[in-house]
Amino acid sequence: VEGVDEADIIKTDGEYIYAVVKNNLFIIEAYPAENAKILAKIEFKSRPQDIYINGNSLVVFGSDTQIYKTETYKRFPRRSNYTFFKVFNITDRKNPKQVRDLDIEGNYFNSRMIGDYVYVITNEPVYEEEGERILPAIRVGGNETEIPATDIYYSDVADYYYMYTTIIAINTQNDGEEPAYETILLGASSTLYVSLNNIYLTFPVWGTDILGREVWDSPRTSIHRIHIEGNSIEYEASGDVPGMVLNQFSMDEYDGYFRVATTTWGETTGNHVYILDMDLNIVGSLEDLAPGETIYSARFMGERGYLVTFKQVDPLFVIDLSNPNNPRELGYLKVTGYSDYLHPYDETHIIGIGKETTDAGEFAWYQGVKISLFDVSDVSNPQEIDKLEIGDRGTESPVLYDHKAFLFDRSRNLMVM
């Protein structure tokens with residue numbers, strides 16, 4: 001989403017590169033290239049997972065299992081996992097100075113940065129120690145705060161693995177502003193989508209469908225919307241859709257509606273697109289696309305949606321989402337192979353990255369990595385206008401499971417993977 005930054009192990013501001021390598025973070029002067037050199041190295045006790053750059057602020061965070069051993073922090077020694085969050089002032093790239101230090105109980109799940117704020121999401125199982133229900137806690141500097149049970153929002157979750165999900169908003173530009181946080185008792189979060197004003201958390205719920213009937217062969221997806229604006233975090237809505245969500249690209253917010261693509265299993269496998277209002281009630285649906293197949297990739301682009309399903313061949317579906325109450329299939333294309341990742345080239349062309357396949361009767365043999373260029377200008381008749389296969393059976397690329405390993409710069413006619 002434009003304006004919503006995602007964390008990574010490598011960031012650049014155009015002049016400097018910031019790179020995590022094992023337990024170290026390097027600041028590298030990269031431009032001009034002939035003068036490239038390492039300016040600073042920051043060492044950590046445990047391995048950072050992700051970083052952000054925001055002006056002269058460097059944000060670093062990750063998970064650890066070794067916590068405080070002193071009597072000052074009596075709770076933390078009993079904990080096994082926590083997320084650390086540190087901010088460095090890098091006005092002097094050769095001499096970064098730490099200005100923020102937070103520890104949050106629970107495992108790091110995901111994060112986003114919008115404007116001056118980083119929103120960090122952690123998950124922690126609900127459990128007891130010595131008969132006492134343990135509540136999550138946050139340590140800022142030398143002060144530890146247990147989150148009171150009365151401050152934890154509870155949603156009616158039909159789940160068998162309860163988790164505390166904590167969302168923390170941290171101002172990267174104002175070190176004096178206290179972090180804001182909200183803790184919600186949910187199931188185990190599995191996917192995340194973030195717009196400029198909302199965080200959507202989803203997790204599968206097994207055992208019952210959205211009508212309360214027992215269904216054990218296919219879960220439903222529970223969706224929760226949390227409104228964010230600066231350091232304001234408010235839980236606002238929850239809802240359910242049949243089936244499971246593949247990844248963040250299977251979700252999207254557009255013009256006051258939330259769109260989601262799912263796959264259901266059971267007697268017949270099916271694929272569906274649901275449109276929900278801001279109260280997360282279903283207002284429109286397109287169901288039972290490509291029976292017997294599953295979604296391999298999805299992309300929402302304005303009033304259009306694109307799905308790739310696969311079993312033996314790859315149908316690319318073009319979906320009209322202009323009427324939220326009546327989404328419609330406009331056309332589809334069947335080609336060999338499939339796409340794990342879809343990336344827009346322009347309004348009428350899409351890049352697909354996946355695998356080529358050969359038909360072997362009831363199944364398909366995977367071949368090399370396949371790059372496709374689809375023309376969707378005629379929505380009723382999409383075309384694969386070019387393709388490139390790299391390697392053969394066994395060839396892999398991180399792009400197939402991590403979109404951050406893909407770079408596309410249309411102005412330079414450059415694609416890197």
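The paragraphs below go through the pockets, the enclosed cavity, the salt bridges and a surface patch of this predicted model.

A reader new to the structure may begin with its open spaces, the largest of which is a pocket with a volume of about 960 Å³. This largest pocket is lined by 31 residues, and those that lie nearest its centre are Val1, Glu6, Phe249, Arg299 and His403. Several strands give two or more residues to this lining, namely β1 (10–12), β18 (191–194), β22 (251–254), β26 (294–301), β30 (338–346) and β34 (407–409). Among these contributors, β22 provides the largest share, with 4 residues. Sorted by class, the lining of the largest pocket holds 15 nonpolar, 5 polar and 11 charged residues.

The second largest pocket has a volume of about 570 Å³, and of the 30 residues that line it, Leu246, Asn247, Gln248, Tyr401 and His403 are the closest to its centre. His403 therefore deserves a look in both places, since it is named among the residues nearest the centre of the largest pocket and also among those closest to the centre of the second largest pocket. The elements that give two or more residues to the lining of this second pocket are β9 (107–114), β26 and β30, and the lining as a whole divides into 16 nonpolar, 8 polar and 6 charged residues.

Enclosed space is a separate matter from these open pockets. Rolling a probe the size of a water molecule over the atoms shows where empty space is left. A search of the whole structure finds 1 cavity of 30 Å³ or more, and about 30 Å³ of space lies in the largest cavity. Its lining is made by Ser190, Thr202, Phe203, Pro204, Thr221, Met244 and Val245, with strand β19 (residues 198–208) giving the most, 3 residues. By class, this lining has 4 nonpolar and 3 polar residues, and no charged ones.

Charged side chains can be followed next, through the 16 salt bridges that the structure holds. In one of them, the side chains of Glu236 and Arg225 meet at 2.9 Å, N to O. This pair links distant parts of the chain, with Glu236 in strand β21 (residues 232–242) and Arg225 in strand β20 (residues 214–229), 11 residues apart. Glu236 counts as partly exposed because its relative accessible area is 41%, whereas Arg225 counts as buried because its relative accessibility is 7%.

A further salt bridge joins the side chains of Lys370 and Glu384 at 3.1 Å, N to O. Here too the pair links distant parts of the chain, 14 residues apart, with Lys370 in strand β32 (residues 364–375) and Glu384 in strand β33. Lys370 has a relative accessibility of 3%, so it counts as buried, while Glu384, at 21%, counts as partly exposed.

The side chains of Arg412 and Asp409 also meet in a salt bridge, at 2.7 Å, N to O, and Arg412 is exposed because its relative accessible area is 61%. Elsewhere, Arg304, Asp320 and Arg328 are linked in a network of salt bridges.

The surface offers one last feature to find. Leu388, Ile390 and Met417 make a nonpolar surface patch of about 250 Å². Within this patch, Ile390 lies in strand β33 (residues 383–390), the strand that also holds Glu384 of the salt bridge with Lys370. Ile390 counts as partly exposed because its relative accessibility is 36%.

Methods. Residues are numbered from 1 along each chain as its sequence is written. This is a predicted model: local features need pLDDT of at least 70, side-chain atom pairs count only at pLDDT 80 or more; totals for chains, interfaces and linings use all residues. Side-chain values use heavy atoms; hydrogens and water are left out. Patches are made of residues with over 30% relative accessible area and no salt bridge: like charges are joined within 9 Å, nonpolar side chains (Val, Leu, Ile, Met, Phe, Trp, Tyr) within 5 Å. Accessible areas come from the Shrake-Rupley method with a 1.4 Å probe; for residues, only the protein chains shown count as cover. A salt bridge is a side-chain nitrogen of Lys or Arg within 4 Å of a carboxyl oxygen of Asp or Glu. Buried means under 20% relative accessible area, exposed over 50%, partly exposed in between (1.4 Å probe, protein chains only). On a 1 Å grid over the protein atoms alone, a cavity is a set of points where a 1.4 Å probe fits but cannot get out, and a pocket is an open set with protein on both sides within 12 Å along at least five of seven lines; lining residues have an atom within 4 Å of a point. Grid points are joined across faces, edges and corners, and a volume is the space filled by probe spheres set on the points. Ala, Val, Leu, Ile, Met, Phe, Trp, Tyr, Cys and Pro count as nonpolar, Asp, Glu, Lys and Arg as charged, and the others, Gly among them, as polar.
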